[in-house]
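Colleague: I'm new to reading protein models, and I'd love some help. Could we go through this one together, one question at a time?

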Amino acid sequence: MTKSLREAMVTDGIPRVVAAQAWAQALAIALGTVHKKTMDYADGSQIYTALDDVPEKVLDALAVSWKIDWYDTAYSTEQKRRIVKSALTVRRLMGTVEAVKLQVGAIYPGTTLEEWFQYDGTPGCFRLNVNLTDESIIPPVVMQSPAAIEKKIVTAKRWSAHLEGVDYWEETEAAVCAGGYAAMSATLEIWPELTESLEVTGGAGTDALSATRQIIEIYPGEEMG
């Protein structure tokens with residue numbers, strides 16, 4: 001039977017006659033306990049290869065160590081994780097459109113960048129369409145000016161390129177319900193002393209709900225001769 005490195009015991013590699021002895025089994029258990037602890041320590045030391053699982057405090061420490069200027073401790077854990085994971089690639093691609101997309105996309109997934117010739121803007125400029133839909137974004141979101149955002153992406157963008165506009169948008173799902181009702185009524189007022197004619201007024205309509213009502217009010221007065 002094949003065992004993993006974590007589950008293997010000393011007794012698995014020695015003759016059965018020896019492995020069956022009490023001293024051999026005790027030694028195997030003792031060494032196995034130390035071995036598992038060593039493996040746990042090794043797993044805990046994996047930072048760069050386990051960025052998907054490291055705790056938030058490790059992400060904060062890496063942001064300081066790697067000098068990630070666009071990192072913010074107010075971001076959610078998932079935003080921080082995306083920033084740290086993409087930081088080295090952003091550094092490698094500095095000065096390109098892709099670097100800006102990666103940097104902003106790590107904070108606001110789904111954000112798009114448009115260069116000036118794509119929207120008839122000022123030559124050498126660009127604009128961002130910031131997506132606020134992702135659930136990892138912690139509200140409330142502060143709407144920042146293009147100048148404030150440009151300071152955060154200054155290390156990623158080309159120095160000759162300038163941010164001239166930022167559009168914030170968010171997608172939501174909602175159910176729209178519509179309905180109505182119709183009513184029909186008639187009122188008869190009978191005054192015996194003045195009865196010459198009866199006037200009936202009413203209205204009718206149809207929709208999802210209909211109701212019919214009739215009110216008759218009789219006011220007896222003097223006896224009619």
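**A walk through the model**

Going from the N terminus, the elements of the chain follow the order α-α-α-α-α-β-α-β-α-β-β-β. Keep in mind that this is a predicted model.

Colleague: Happy to start simply! How many helices and strands does the chain have?

Modeller: The order opens with α-α-α-α-α and ends with β-β-β. Counted over the chain, the elements come to seven helices and five strands.

Colleague: Which strands are at the edges of the open sheet?

Modeller: Let's begin with the order, which is β1-β2-β3 in an open sheet of three strands with mixed pairing. β2 and β3 run parallel and are joined by seven bridges. An edge strand pairs on one side only, and that describes β1 (112–115) and β3.

Colleague: And the helix that lies across β1 and β2: at about what angle does this helix run to β1?

Modeller: That helix is α5, which covers residues 97–107. Its angle to β1 is about 150 degrees.

Colleague: Now the inside. Which element gives the most residues to the largest nonpolar core?

Modeller: In soluble globular proteins, nonpolar side chains tend to be buried together. Here the largest nonpolar core has 32 residues, and Ile68, Ile83, Val84, Phe126 and Leu128 touch the most other members. At least two residues each come from α3 (56–65), α4 (77–92), α5 (97–107), β2 (125–131) and β3 (162–169). The element that gives the most, with five residues, is α5.

Colleague: Leu128 sounds interesting. Which residue in β3 does leucine 128 stand opposite?

Modeller: Leucine 128 falls within β2 (125–131). Beyond its neighbours within four places in sequence, its contacts include Val104, Leu113, Ile149 and Val166. Across in β3, the residue opposite leucine 128 is valine 166.

Colleague: Why is the pair of tryptophan 116 and phenylalanine 117 called edge-to-face?

Modeller: A search of the whole structure finds one aromatic pair. The ring centres of tryptophan 116 and phenylalanine 117 are 5.8 Å apart. Planes over 60 degrees apart count as edge-to-face. The pair is edge-to-face because the planes of tryptophan 116 and phenylalanine 117 are at 85 degrees.

Colleague: Is phenylalanine 117 buried or exposed?

Modeller: Exposed means over 50% relative accessible area, and partly exposed is the class between that and buried. Tryptophan 116, at 31%, is partly exposed. Phenylalanine 117 has 52% relative accessibility, so this residue counts as exposed.

Colleague: One last ring! Which residue lies over the face of tyrosine 119?

Modeller: This residue sits 4.1 Å from the ring centre of tyrosine 119. Its name is arginine 127.

Definitions and conventions
Residues are numbered from 1 along each chain as its sequence is written. This is a predicted model: local features need pLDDT of at least 70, side-chain atom pairs count only at pLDDT 80 or more; totals for chains, interfaces and linings use all residues. Side-chain values use heavy atoms; hydrogens and water are left out. A nonpolar core is a set of buried Ala, Val, Leu, Ile, Met, Phe, Trp, Tyr and Cys residues joined through side-chain atoms within 4.5 Å. Buried means under 20% relative accessible area, exposed over 50%, partly exposed in between (1.4 Å probe, protein chains only). Helices (H or I, at least four residues) and strands (E, at least two) are DSSP runs, numbered from the N terminus. Contact means heavy atoms within 4.5 Å. Rings of Phe, Tyr and Trp (its six-membered ring) pair if their centres lie within 6.5 Å; planes under 30 degrees apart count as stacked, over 60 as edge-to-face and the rest as tilted. A charge sits over a ring if NZ of Lys or CZ of Arg is within 6 Å of the ring centre and within 35 degrees of the ring normal. Two strands pair if DSSP finds at least two bridges between them. Axes are lines fitted to C-alpha atoms, for helices over the stretch in contact, and angles run from 0 to 180 degrees between N-to-C directions.
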